[in-house]
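Colleague: I'd like to go through this model with you and ask how each label was earned. Could you show it to me before we start?

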Amino acid sequence: MSKTLAISFKTLKEIGAAIAITLLTTWALLALRSDENTAIISQLYLLPVGISAARWGWRGGISAALASFLAFNYFFLAPYYTFSVHRSQDMITLAVFLAVAAAISQLIGRARRSQAVAEERQRETQRLYELNNVLMGLNDPGKILNALAEQTLDAFQALRVEIFLELRPGNDIELERPPVQVVRAENMLPGMELSPKPTLLIPLESSPKLAGEVRIWLNSARAEAIDERSIQAFMLRGVMAFERTQVAASEQQARVLAESDRLKSALLSSVSHELRTPLATIKASVTCLLGGYNLDPVA
């Protein structure tokens, strides 16, 4: 609810700023008011439309276009200070102006959105690259979780990050780590208080043996600008690094078991070889005794 109110207040501010620019433009153009300058004034009114669309997107552009349309009709088309239009050419001028202003607003707003998306993707790629560099050299699960929390805190300018990770039964490293791990990183100023409810709650469940969640506290300004999808991609890299330690632990355990089996086989082979010669001698002696042979040398 608070986030919706913050967005609505921001939208109202953008619309108000666009209307204010239009009013300033109107005040500046009053010195040029005459029938001969109507076409020039209509073109100059496109300036606040373009500025508003470039600065505040399509909402600002459309607001400036409507405000310019009304101001142009009210102040610069005879009869002045009314919204009545008596000449057909003035109606055509108004219609063309509104269409051009709306088109410019949409085009500039779309270009602005595309630029914002491209910049956000570039920032996301850079964040993921830095996270991969940090996690690449870590093999300890605890250090991986700590690094993930710290990187999340810095990358998204969060106030606090908490990571809860549960190792379910059958996990390869459950004997080396507690079943539930909690990692916390925060960037709090003295005297600052946080809401008990986090701004974002992202579940972590990439395999049947691993589950958890990430809790992120953000200030209101950052909460509006952050895309939850980018944070999910960020967390996925951390989970993949954590699972890499599990695979490494499994491979290490398999190598230890294989080496143990090899040593046991070698030991059994050595013992059997050492016992083979005396057993053969004993067997031969027993056979001779049972057969009545004289084993003493002939005098």
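Modeller: Helices here are DSSP runs of H or I with at least four residues, strands are DSSP runs of E with at least two, and both are numbered from the N terminus. S52 is found in one of these runs, helix α3. Keep in mind that this is a predicted model, where local features need pLDDT of at least 70 and side-chain atom pairs count only at pLDDT 80 or more, while totals for chains, interfaces and linings use all residues. Residues are numbered from 1 along each chain as its sequence is written, and side-chain values use heavy atoms, with hydrogens and water left out.

Colleague: Happy with that. How many helices and strands does the chain come to?

Modeller: There are seven helices and four strands. Read from the N terminus, the order is α-α-α-α-α-β-β-β-β-α-α.

Colleague: Back to S52, then. Why does S52 count as buried?

Modeller: Buried means under 20% relative accessible area, exposed means over 50%, and partly exposed is in between (1.4 Å probe, protein chains only). S52 has 0% relative accessibility, so it is buried. Over the whole chain of 299 residues, 30% count as buried.

Colleague: And what is S52 in contact with, leaving aside neighbours within four places in sequence?

Modeller: Contact means heavy atoms within 4.5 Å. S52 touches A18, I21, G57, G60, G61 and A64. For the chain as a whole, among contacts with a separation of 6 or more, 65% are between residues 24 or more positions apart.

Colleague: On to helix packing. What makes α3 roughly antiparallel to α4?

Modeller: The axes are lines fitted to C-alpha atoms over the stretch in contact, and the angle between N-to-C directions runs from 0 to 180 degrees. Under 35 degrees is roughly parallel, over 145 roughly antiparallel, 65 to 115 roughly perpendicular, and the rest oblique. The axes of α3 and α4 cross at roughly 170 degrees and come within 9 Å. Therefore α3 is roughly antiparallel to α4.

Colleague: What does the contact of α3 with α4 have, by class?

Modeller: It has 19 nonpolar, nine polar and three charged residues. Here Ala, Val, Leu, Ile, Met, Phe, Trp, Tyr, Cys and Pro are nonpolar, Asp, Glu, Lys and Arg are charged, and the others, Gly among them, are polar.

Colleague: At what angle do α4 and α5 pack?

Modeller: Helix α4 (88-136) meets helix α5 (141-155) at about 155 degrees, with axes 10 Å apart. So α4 is roughly antiparallel to α5 too. From α4, R127, L131, V134 and L135 meet I144, A147, L148, Q151 and A155 of α5. By class that gives seven nonpolar, one polar and one charged residues.

Colleague: Now the rings. How many aromatic pairs are there?

Modeller: Rings of Phe, Tyr and Trp (its six-membered ring) pair if their centres lie within 6.5 Å; planes under 30 degrees apart are stacked, over 60 edge-to-face, and the rest tilted. That rule yields nine pairs.

Colleague: Why is the pair of Y45 and F97 called edge-to-face?

Modeller: The ring centres of Y45 and F97 are 6.2 Å apart and the planes stand at 70 degrees, so the pair is edge-to-face. Y45 sits in the loop between α2 (38-44) and α3 (46-76) and F97 in α4, so the pair ties together parts 52 residues apart in sequence. Y45 and F97 are both buried.

Colleague: And why is the pair of F72 and F97 called tilted?

Modeller: Their centres are 5.7 Å apart and their planes are at 45 degrees, so this pair is tilted. It links F72 in α3 with F97 in α4, 25 residues apart. Ring pairs join Y45, F72, F76 and F97 into a cluster.

Colleague: Two accessibility calls to finish. Why does Y81 count as partly exposed?

Modeller: Y81 has 45% relative accessibility, so it counts as partly exposed. Y81 lies in the loop between α3 and α4, and has a positive phi of about 60 degrees although it is not a glycine. In that loop you also find P79, with a cis peptide bond from A78 and omega near -5 degrees.

Colleague: And what makes Q157 exposed?

Modeller: Q157 has a relative accessible area of 51%, so it is exposed. Q157 is in the loop between α5 and β1 (160-167), with a positive phi of about 50 degrees despite not being a glycine.
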